[in-house]
Amino acid sequence: MTPKDVLAMAKENGARVVDLRFLDFPGVWQHFTVPLSELDESSFEDGFGFDGSSIRGWQPINASDMLVVPDPATAKMDPFFEVPTLVLIGNIVDPLTRESYSRDPRYIAQKAEAYLKGTGIGDTAYFGPEAEFFIFDDVKFESSRNMAFYEVDSVEGVWNTGREECPNLGYKPRHKEGYFPVPPMDKFQDLRTEMLLTLEGLGIDVECQHHEVATAGQAEIDMRFKPLVQMGDQLMWFKYVLKNVAYRKNHTVTFMPKPLFEDNGTGMHTHISIWKDGEPLFAGDKYAGVSQEALYAIGGILKHCGALCAFTNPTTNSYKRLVPGFEAPVNLAYSSRNRSAAIRIPMYSASPKAKRIEFRTPDPSCNGYLAFSAMLMAVIDGIENKIDPGEPLDKNIYGLPPEELANIPSAPGSLDEALSALKEDHKFLLKGDVFTKDVIDTWIEYKTENEVNPVKLRPHPHEFFLYFDI
């Protein structure tokens, strides 16, 4: 779509304002709105100014002026605003040098795609994230000097079987038994379908929607795989749509990896494949019908998984899900069909076009542009350096004896560990200037100062249960 096409689209849809969106460093959409009269063909080169010092992890106050330059290919009409609104995702540019901003996550993703082409390995990297989430009816939390608490609730929560609901009609999924029950046990079928149809109305291809394993409204909606940057854009629309559809119906959606104790956490199993000249690179005659390149790609992810987790599992809460010894994809092994391995080779179809690898460790709290880019860089490093992933593990990892399990390496057990791994292992990310040293250092510094240390410093409510009477 050209700038002229965007202007015609705005007129055809009766748009009166333009919403400009971009991603902050941690991964949350930001926006501001201008009258449609402010948008013309030159806007797609000149951009719009804003204060970059007020964006998390970005500019100092003495160099705050930045530009957001809209990408005409991203034009969509917002499905929620009362006033017809054209939405454009933008790239961040320095107003003096006109250079792309190194800490703009979308720019990093664009560089990752360009680097893949430059290697000659392939021309397109496809990503298909399965982003899980929870639908709650009520959420309360507070964290202050003398108190801390959280409370979430859902009409589906199994803890509400005895609640007075005038009347309580039961049908609340038991812990770990929420996978695929029909209504009335599944209370959110219509809500998820509205989410699905809203996404489709925005031109986002969806494969399915369903209830997930946990009680209390855990769910999943799967988007069809797309190229890296496009999927980064779609993941932002995905979160935006789900939250707003739920909000309109007096529910709330969270992508926190582990909002409930003693039930399944929320993951984002991510399917990855590389194509070249219209042919799938990962199809072949090796294990589970994949190519040697696919096995090397697996080797790259397994080798760099510790560093990857700093981007794919970037919250302290992520590691409430990634706990060794429980049913979590922390074991750094690969397998066909076996969901207990960190990397799975799906076997749903024998078609070469369906051959891909599924990295099961990530969760949807991540910044999609950064997470997908880091995964791609690990895949490329694996292929270029012929990293052997070792033998597949087709056994049930959770059923292995301790002496066998001890030989299987594990993903980091905390965000602190993941950031330390990134500090030690990031050369593969710097290739092609995809990630810069400044981006790596700023990410580690931001996460440590704003998330790791504040959580470390605060007493946990459960510590009072354990220790108050000592």
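This briefing walks through some features of the structure above, topic by topic. The model is predicted. A good place to start is strand 1, residues 17-23, which is largely enclosed by the rest of the structure because six of its seven residues are buried. From there the tour moves to a cavity, some backbone details in the loops, the cysteines, and two buried residues with their contacts.

**Strand 1 and its partners**

- Strand 1 has a parallel partner in strand 6, residues 85-93, and five bridges join the two.
- Within this parallel pairing, Val17 has Thr85 of strand 6 as its bridge partner.
- Strand 1 also pairs with strand 2, residues 29-35, this time in the antiparallel sense and over seven bridges.
- To find a spot on the antiparallel side, look at Leu23, which stands opposite Trp29 in strand 2.
- Strand 1 and strand 2 together make a hairpin, with five residues between them.
- In the turn of that hairpin sits Gly27, whose phi is positive at about 130°.

**The cavity**

- The model has one cavity of 30 Å³ or more.
- The space inside the largest cavity comes to about 30 Å³.
- Its lining is made up of Phe22, Leu23, Trp29, Ile89, Gly90, Asp104, Arg106 and Tyr369.
- Strand 1 and strand 6 are the elements that contribute two or more residues to this lining.
- By character, the lining residues of the largest cavity split into five nonpolar, one polar and two charged.
- Leu23 and Trp29, which stand opposite each other in the hairpin strands, are both among the lining residues.

**The loop between strand 9 and helix 4**

- Where does Pro167 sit? Pro167 is in the loop that runs between strand 9 (148-153) and helix 4 (189-201).
- The peptide bond leading from Cys166 into Pro167 is cis, and its omega is near 0°.
- Pro184 also belongs to the loop between strand 9 and helix 4.
- The bond from Pro183 to Pro184 is cis too, with omega near 10°.
- Tyr171 is another residue of the loop between strand 9 and helix 4.
- Although Tyr171 is not a glycine, its phi is positive, at about 55°.
- Tyr171 has a relative accessibility of 48%, so it counts as partly exposed.

**A positive phi in another loop**

- Asn250 is found in the loop between helix 5 (228-248) and strand 13 (252-254).
- The phi of Asn250 is near 65°, which is a positive value in a residue other than glycine.
- Is Asn250 buried or exposed? Asn250 is exposed, because its relative accessible area of 64% is over the 50% cut-off.

**The cysteines**

- How many disulfides does the structure hold? The number of disulfides is zero.
- For Cys305, the closest cysteine sulfur belongs to Cys309 and lies 4.0 Å away; a disulfide needs the two sulfur atoms within 2.5 Å, so this pair is too far apart for a bond.
- Cys305 is buried, with 1% relative accessible area.
- For Cys366, the closest cysteine sulfur is again in Cys309, at 11 Å, so that pair is also too far apart for a bond.
- Cys366 is likewise buried, at 1% relative accessible area.

**Asp381 and its surroundings**

- Asp381 is part of helix 8, which covers residues 368-384.
- Asp381 counts as buried because its relative accessible area is 6%, which is under the 20% cut-off.
- Leaving aside residues up to four places away in sequence, Asp381 touches His304, Ile387, Phe428 and Lys431.

**Ala125 and its surroundings**

- Ala125 lies in strand 7, residues 124-136.
- With a relative accessibility of 3%, Ala125 is buried.
- Which residues does Ala125 touch, not counting residues up to four places away in sequence? The contacts of Ala125 beyond that span are with Leu116, Lys226, Pro227, Leu228, Ser273 and Leu376.
- Ala125 and Cys166 are separated by 41 residues in sequence and by 53 Å in space, taken from C-alpha to C-alpha.
- Cys166 is the residue that comes before the cis bond to Pro167, a proline of the loop between strand 9 and helix 4.

Definitions and conventions: Residues numbered from 1 in each chain as written. Predicted model: local features only at pLDDT ≥ 70, side-chain atom pairs only at ≥ 80, totals over all residues. Heavy atoms only, no water. Buried < 20%, exposed > 50% of the residue type's maximum accessible area, 1.4 Å probe, protein only. Helix = DSSP H or I, 4+ residues; strand = E, 2+ residues; numbered from the N terminus. Pairing = 2+ DSSP bridges. 1 Å grid on protein atoms, 1.4 Å probe; cavity = no way out; pocket = protein on both sides within 12 Å on 5 of 7 lines; lining within 4 Å. Points joined across faces, edges and corners; volume = space filled by probe spheres on them. Nonpolar A, V, L, I, M, F, W, Y, C, P; charged D, E, K, R; others polar. Contact = heavy atoms within 4.5 Å.
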